[in-house]
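Hi,

Here is the structure I promised to send over. Have a look, and then read on for my notes.

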Amino acid sequence: MAKPKKHPNGTWTLIASYQNARRNVTIGKVSTSEARKFAAQIDAVINHNRHGSKSLPPELLAWVQSLSDMHKTQLGELGLIDYRTNDMTVGELGWNFEADYKQRTDVGEKSISNVGVMLRNRISKIENVGLKEIEPVMRSVHTTAEPVFSESAKMLVTDFNSWQRNFYAQATWSRDNKMFRTIGHWAVRQGICQHSPFSLFPVGSMVNEERNEHVPAEWVVDAMDSCLSPDIRITFALGRFAGLRTCSEVRTLKWRDVDLDSATLTIIDSKKKKPRVMPLFDHVRAELERQRLITGDTRFVVSEEMRSRSASATYQRAKEAVSRSGRIPWVRLFQNLRSSCENDLLEIFPERKVAVWIGHTVKVSRAHYQKMRQRDCDSAIEAARQLSPF
């Protein structure tokens, strides 16, 4: 009987020999009695293959079938059982996930598009890597135990992460690695893998303070006055003063969602696919009334031309309007309109209300939208000066 050995990290292994082949078999992080029982079952399989019939007895067959893929792979490499390892590549897994993701009704078109872009930009670097090359080589029979990866898998993932860090900001590669992990968990639920092959992909902070820039209202007004198209002008207004996601929520806004009597604006959340309601502020009302005079009796607030135009084309026209106003286009041209609107609203209204109006949680607001400005510090200093006894 092969004697199991316990390592300093708590993992049990044993050396199994069969037909002039030797293999280090990982048992996992289990109790001593469980390790001995595992070793006894291995010996039973070896003895049966040496002296018995081709098929295993029912109780031994049931034990083999209950093993993890990692254990089946190890016994298959020894020739003890007929087991074929997972030959799917990372690329094949990614395309299968994308096909399934497109069928979901709880995600928006933008999210589906982002997954496709991520897969084509990132997965192309490792699409031919087999899942078995980056899956754990040691896995306990207990599902709660930490997996152990081979050095080659660690090196492969390290090289991939180094490439990402060289070409993308931390917030970007962290977001994409989070999606890789989502794909890995999906693969486990689908029975494709025993354990997520992307567990080694690190997920850092997705907050990028350097690109979170406050855009003063007067900058946006100047850009609006420099717009050649009324659609671009209303896009600036709705993004900066109503906090809509541009271009998705601007494109889907209908005139029936603009209630002048109750002074409310109903927005179809492009991520949650649910309506949210926010106050119709006077400056937004004025711009909408201006747009209605231009468009006439139409269904949508913006023209069909803009609705059919690509987001990048709309972005470029907005960028040109900022340049014509005499300013240098700020980073994240549309996203920072939305975050600037939220920061202005937070100066007047409670945080929980603003988060509901803008369409995300307070946690997301604090991490990605709220920004400390110089005037906030100046106001605090002035307020403290008024209270100071000195």
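Below is what I found, going roughly from single residues to helix packing, aromatic rings and the sheet. One thing to keep in mind throughout: this is a predicted model.

Two buried spots in helices

Let me start with Ile42, which is found in helix α1, residues 32–51. Its relative accessibility is 1%, so Ile42 counts as buried, the cut-off being under 20%. Leaving out residues up to four places away in sequence, Ile42 touches Ala16, Trp63 and Leu75. You can also check Ile42 against Leu60: the two are 18 residues apart in sequence, and their C-alpha atoms are 9.6 Å apart in space.

Gly94 is the other one, and its place is in helix α4, residues 90–101. Gly94 is buried too, with a relative accessible area of 1%. Setting aside neighbours within four places in sequence, Gly94 is in contact with Leu119 and Ile123. Gly184 is 90 residues away from Gly94 along the chain, yet the C-alpha atoms of the two are separated by 9.3 Å.

Helix α7 against helix α8

Next, have a look at α7 (residues 151–167) and α8 (residues 170–189), whose axes come within 10 Å and cross at roughly 145 degrees. On the α7 side the contact is made by Phe160, Asn161, Gln164 and Arg165, and on the α8 side by Trp173, Asn177 and Phe180. Sorted by class, that contact has three nonpolar, three polar and one charged residues.

Phe160 and Phe180 turn up again in an aromatic cluster, where ring pairs link them with Trp163, Phe167, Tyr168, Phe198 and Phe201. Tyr168 from that cluster also has a charge over its ring: the charged end of Arg122 sits there, 3.5 Å from the ring centre.

More rings

How many aromatic pairs does a search of the whole structure find? The count is 16. One of them is Tyr315 with Phe334, where the ring centres are 5.6 Å apart and the planes are at 85 degrees, so the pair is edge-to-face. Tyr315 lies in helix α14 (residues 311–324) and Phe334 in the loop between α14 and α15 (335–346), so this pair ties together parts that are 19 residues apart in sequence. As for exposure, Tyr315 is partly exposed, with a relative accessible area of 32%, whereas Phe334 is buried at 8%.

Phe349 and Trp357 form another edge-to-face pair, at 5.0 Å centre to centre and with 75 degrees between the planes. Here Phe349 is partly exposed, at a relative accessible area of 27%, and Trp357 is buried, at 13%.

There is also Arg307, which lies over the face of Phe300 at 3.6 Å from the ring centre.

The sheet

Last, the strands. Three of them form an open sheet in the order β4-β5-β6, with antiparallel pairing. Why do β4 (258–259) and β6 (275–279) each have one side without a neighbour in the sheet? Both stand at the edges with a single partner strand, so one side of each is left free of a neighbour there. Strand β5, residues 264–268, pairs with β6 in the antiparallel sense over five bridges. If you want a place to start on that pairing, Ile267 stands opposite Arg276 in β6.

That's the lot from me. Shout if anything looks odd on your screen.

Cheers

Definitions and conventions
Residues are numbered from 1 along each chain as its sequence is written. This is a predicted model: local features need pLDDT of at least 70, side-chain atom pairs count only at pLDDT 80 or more; totals for chains, interfaces and linings use all residues. Side-chain values use heavy atoms; hydrogens and water are left out. Helices (H or I, at least four residues) and strands (E, at least two) are DSSP runs, numbered from the N terminus. Buried means under 20% relative accessible area, exposed over 50%, partly exposed in between (1.4 Å probe, protein chains only). Contact means heavy atoms within 4.5 Å. Two strands pair if DSSP finds at least two bridges between them. Rings of Phe, Tyr and Trp (its six-membered ring) pair if their centres lie within 6.5 Å; planes under 30 degrees apart count as stacked, over 60 as edge-to-face and the rest as tilted. A charge sits over a ring if NZ of Lys or CZ of Arg is within 6 Å of the ring centre and within 35 degrees of the ring normal. Axes are lines fitted to C-alpha atoms, for helices over the stretch in contact, and angles run from 0 to 180 degrees between N-to-C directions. Ala, Val, Leu, Ile, Met, Phe, Trp, Tyr, Cys and Pro count as nonpolar, Asp, Glu, Lys and Arg as charged, and the others, Gly among them, as polar.
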